[in-house]
Protein chains: 2
Amino acid sequence: MKKTLLIISLLLLIVSCQQKVTKSIVVTNSSELIDAAKNAQAGDNIVIKDGVYKDVEIVFEGEGTEENPIVLKAENAGKVFIEGVSSLQIGGSYLEVNGLFFRNGYSPFKNVIGFRITDENVANYSKVTNCVILDYNSLERDQDNLWVQLYGTHNELSNNYIAGKTNGGPTVRVDLKGNQSIRNYHQIINNHFGPRPRKGGARGETIQLGSSFTSMSPSNTTIANNLFEECNGEVEIISSKTNFNIIKNNVFYKSEGSVVTRHGNYVTIDGNYFIGDGVNKQFGGIRIVNTGHWIINNYFYKIIGENFRSPLAIMNGIPKSPLNRYNQVTDVVVAYNTYVDSKSPWQFGVGTNIAQAAVLPKSEIRSARALRTVVANNIIYNSVGDETPIIEHDKADGVKFKNNIINNQGVGFDNSERIQATEFELTKLSEHIYMPKLTSDFDVYNGFGFETIKHDIFGNSRETSNSIGAAVQGLMKDPAILDKTKYGASWYSNVVEAATPNVLAVTNAKGELEAAIASAKPGDVIALSSGTYKVSASLVINKSITIQSKDDEKAEIVFEGADNTPLFNLNPYGILTINNIVLSGNGKQQAFANLNKNMSNHFGLTVSGCDINNFDYVLKAYKQTFAEEVTFKNSTITNCENGIELSEETNDRGDYNTEYLTVDNCQFTNVKQNVIDYYRGGYDESTIGGNLLVSNSTFTECGSKEENGMLLNHRGIVNVNITKNVFKNNKVEFVSILWGAKNNIESNNTLINSGKIKTEENLVMKLMY
Amino acid sequence: MKKTLLIISLLLLIVSCQQKVTKSIVVTNSSELIDAAKNAQAGDNIVIKDGVYKDVEIVFEGEGTEENPIVLKAENAGKVFIEGVSSLQIGGSYLEVNGLFFRNGYSPFKNVIGFRITDENVANYSKVTNCVILDYNSLERDQDNLWVQLYGTHNELSNNYIAGKTNGGPTVRVDLKGNQSIRNYHQIINNHFGPRPRKGGARGETIQLGSSFTSMSPSNTTIANNLFEECNGEVEIISSKTNFNIIKNNVFYKSEGSVVTRHGNYVTIDGNYFIGDGVNKQFGGIRIVNTGHWIINNYFYKIIGENFRSPLAIMNGIPKSPLNRYNQVTDVVVAYNTYVDSKSPWQFGVGTNIAQAAVLPKSEIRSARALRTVVANNIIYNSVGDETPIIEHDKADGVKFKNNIINNQGVGFDNSERIQATEFELTKLSEHIYMPKLTSDFDVYNGFGFETIKHDIFGNSRETSNSIGAAVQGLMKDPAILDKTKYGASWYSNVVEAATPNVLAVTNAKGELEAAIASAKPGDVIALSSGTYKVSASLVINKSITIQSKDDEKAEIVFEGADNTPLFNLNPYGILTINNIVLSGNGKQQAFANLNKNMSNHFGLTVSGCDINNFDYVLKAYKQTFAEEVTFKNSTITNCENGIELSEETNDRGDYNTEYLTVDNCQFTNVKQNVIDYYRGGYDESTIGGNLLVSNSTFTECGSKEENGMLLNHRGIVNVNITKNVFKNNKVEFVSILWGAKNNIESNNTLINSGKIKTEENLVMKLMY
């Protein structure tokens, strides 16, 4: 009896403990914030007064309960700004962070928000929600970090807007080292991953799930209902490197990358939307490595990426691959997907490199083809017939094709035994969503385990009535995938109203140009009356502006600044367009250069109709600096010591200084060294960038002092096109050495007394791994 | 209303379908058996009449249900013998095989019993129970196969007795290729795995779970409550190569091997008994490779294996290991284990081979030490103090030691900060089971996830009252681990009453010796009266017998058979002991040889007190033949062309012809070539066998015609001891070349005009993988 009473008392005590015991704590400055976060008790509700909190290292620690979580939230969501050198570390249970805005700064640590305090003190059942992290970049591109790093288990990253990461390192990573972080069941849901600019090399993923060193661990992370908009960091948007993850109902909108099962196995990629435009070949789909993945119910619209970026890229593996390389694809299921106007959507043997056996060690040769893989119940629709819906970079002889159909507008195609050609129309549900409308029955293939595919892309049941393709017939409605109110922080929108640019007219009166540049708003145009503008110190460009001649007659800017300084100093965010201007130097300065350090964000440069003469460098880009695009067109470059130099990324880790370097209809005369110098180093099949186009241009009497004997030096750049140029009297051994194994081509060039264009099939490169 | 009626009718129909509808089918001969098995329907009960069924390839196929399984069973369990070239393939659902005895034959296929018929037609929810497979060996050792191969899911192998496999290949293997065989939840339970003789090389596991090629797949196989008795096939008794397996409450009794997590991760090894004898160093424990294993509640008694065979062997991995080699150990938990009189039970960095970097490729160097590993709540008891309970082949700096205790009888030991020395006694529960009796409280360490360890080795709850060690204090009773009625087929026992051997006396009257050998029973002794026995054809030895002189004066056997034939022809099962006899040949025959083909079981040879003269070979062992032991002692070998040759396993896959070659107190005189020739080839860290002891012997004027210039040629043999011998006037360059990196030693040898004994630290070997 006594015992019973004791038990009842204990039970009552437990029940009472589980009651809600909220206590509100208001903090108004950094030290109060730090104190309250560090000493939080179950039920505490810490309210941060609106305002700017600078240089705060918040350690949010406490043991909340399901009933009595600990909440750290903005007084008004979005009105609490975390700035400067700040960070947030979370450890304990049932902690919630809500409504913070990280901006104008960077983290002093390896992450901005980390779900642990020490190796063992991780967070569990905790969440960061309704927050924004914007442009919170390290000062240097190679200062890699993460913006959100998840440890522990059952944590949630939900309804956040996260955008603008330019430095190295995935935006979000789930870490699994230690049993405290496996089987984590984290939920990364309802977030808006806004634009992540091209990084120029590897380590620019938006989400990474584990690493090759934890690729054997069960992660069970869910990434669902997120919008990925222009996530262009690198070839992998999501890099899944662990097991049993679920990637479901996300929208990949004009994002230059793919969802990749890079390491780990048994990942489900279900009901996602991949939206391209039929023009940009950088938008990718799903790339598969390893075992047991299920690619089901996905929709692809106008994804025309090739090879690594194809809508479905099944890779070749390395036989008995090292842990950090490419395992063979086995036991994969690709079922119930729909492809609309996506060129050559199914590519097999992607990454095969048997041809490069001479320059690669055996442990790098991807010769192991997919095994025991099933491709079934898929639909392809092409408005314009595609002769190669299937591309076999290596044979797909380990793949079983069942019950796939295609409307190819009657155009014949290879591998027709693998896809049944037929006729059907599409139903338009919204701007990007067109679903097949099948008027006759097509049998559904029931492979092993297919009964576990219970729903279609819209969540409709496949159990009651089933059909092939991403959507069950007859139950379609617009999924409103681009309704941005469904994603991210409730209080933040990245939709910007298009503004009409101001045109600021200036004359060559002293200081007028400098003042206009300083006062211009992003997008403004500065129009120079004709005349000569003497500039005595570098013009700092730290926003997006255009400088151009007001009249037909070109204004001339004469740079009178010190030697070894640039006329235009391109700072972070400095995107300069310069039209129809003459730029003159003293032969020892730079026309354009960026910062030698602290380039915490990208620059950009477009030069059009300009005449550039007497500089040491036309463009000098330093290490750890990056431009998405550098363009010279309709311009002359005369009597310079060096031309366009984007060659400082010599770490041979796959990095480079610009994604696109375009030179069109330019005349280079007497540029003595480094006429074009553009470099990417390191053997890496997955940074597939660097794009050089040199067209319709003339190079005369250039390169005479270039030590390497090359006029256009673009070693390691993956995509090169040299076409319709004239090379005359350039004292070099080679105009260009093309990399045959990659996408390097030349055509219709005229070479007069100017060395040769040579193709080397395989370049010897340093192994990165 | 109509609809409701329809639904009710359907439900009734379903219910009626689920009722038991047994139909008995009796089969009396092979063709009826084959027919009935192939055309089985739910509810069929196929009864096989007692008798011998020879050369039957049974395909047992059908779709049973849980309510109405399909049963294929012996009329009387154990009275149905499957013999000759026979096999059993099972495909479908809810199939049961019961009471069969596989013997006197072998399978024509890659398995004897396979749980599938075609790649896709696998078995599910099916079982093989109460059967025996005995000595069902392929004709040749290199004809690898499996005796039981599991495919599909939810199958059961229970209460079987399986013993005597001598050919290559694991006895039982679970296969996972294809989604139809992952997450299989197979149950391998209550079996008695009887003696599996040493195989002499790799591919002699008793159970293998998957392979490196499926090491990423979830298997979820349970191996529980089995008795493993003298499972000596190779260094791995159970080789777990997949994920999430459970190895629980098994007894490893005097088995020369270990439970090894060879590939795959997150395996639970819980509550097992490892019973040794304190003498045989081949009995092993648990060897760990890879990530996330939990080694809990296990008991080790007198396990004194070293290095790979130590009670707990934590291996070093290869950094970024290839798929089929050694991943680093991470996130492993070793908790609540008890070690009684087990020498140096904890060994770390096992397999480190940094010293061999010169002869091995980088991808073979095991330099990656264990990380994030916890060793906690364990108890060690030593009757005799052990100065090195922990051996660090490489540093255990990634291992956390918590709350471990040792009674080391006051003897000091290294690493004492990792184990607390204390005093306590043992409680004897039965012959091999002694559990610590703790008189004071020792804190239990609660690591991450330790709350999931709910029971101790006996199944007692750890939740109500907990303590360190395998058994919770105060709740111990004899687990009767060697009560053989708990394991295997109910109708079969491998317990053999010791029989007194018959002594068959023979004289040299023509044919008497031959007749006695033919009629002898295994174990019998044939005693030869003194005199000369002229033997004109090889004497076939196909059982275990002893031949010896009856009197002090040695009988002499003069072999008058053809050249190139053996006096004693050792057939499968032929284990010959020969004592005190003179064997004379014509110089062109063999004294002992085995079969050139079809050696479907092992041979053995012990020669004692014999004088062997004038043979071409003393012993000639052919390829694919194997003896567990070959011994020559107190004998003379004179005027032979060749001596003891066990060197035909030249495939360099780690195989060899005998486990133990012992030569003690022998005189070799004028043996011209191959005096001792014993070979093992192939770089393989996990076949750690070949044992050569040459002691107290004299070699005079031998080796004169040996082309390789070596008197004792033992290249590749791992354990070599050459001690107290005299070598005199042997025209060779080397008496022996020892392998320094392995266990090759020599001592107290006298070399007179006989070449040298040299040590080579690293032998260059062919890579096997």
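Here are a few questions and answers about this predicted model of chains A and B.

User: How many residues of chain A are in contact with chain B, and which class has 13 of them?
Analyst: On chain A, 21 residues touch 21 residues of chain B. Sorting the chain A side by class gives four nonpolar and four charged residues. The class with 13 residues is polar.

User: What relation links chain A to chain B?
Analyst: Chain A can be laid on chain B by a turn of 180° with a shift of 0.1 Å along the axis. The fit has an RMSD of 0.1 Å. So that's the relation of a two-fold axis.

User: Which residue of chain A comes closest to the rotation axis?
Analyst: Going by C-alpha, the distance to look for is 1.9 Å. The residue of chain A at that distance is A:P322.

User: Do the copies meet through the same surface or different ones, and what percentage of the interface residues says so?
Analyst: Look at the interface residues of chain A and check whether they're interface residues in chain B too. They are, so the copies meet through the same surface, and the figure is 100%.

User: Which residues of strand β32 in chain A cover its two faces?
Analyst: In a regular strand, side chains alternate between the two faces of the sheet. In β32(A), residues 312-315, both faces are covered and the four residues are all buried. One side has A:L312 and A:I314, and the other has A:A313 and A:M315.

User: Which residue stands opposite A:I314 in β35(A)?
Analyst: β32(A) runs parallel to β29(A), joined by three bridges, and there A:I314 is the bridge partner of A:I288. Four bridges join β32(A) to β35(A), also parallel. In β35(A), the residue opposite A:I314 is A:F348.

Methods. Residues numbered from 1 in each chain as written. Chains lettered and ligands numbered in written order. Predicted model: local features only at pLDDT ≥ 70, side-chain atom pairs only at ≥ 80, totals over all residues. Contact = placed C-beta atoms within 7 Å. Nonpolar A, V, L, I, M, F, W, Y, C, P; charged D, E, K, R; others polar. Least-squares fit on C-alpha atoms with pLDDT ≥ 70 in both. Buried ≥ 20, exposed ≤ 12 C-beta atoms within 10 Å, placed from the backbone. Pairing = 2+ DSSP bridges.
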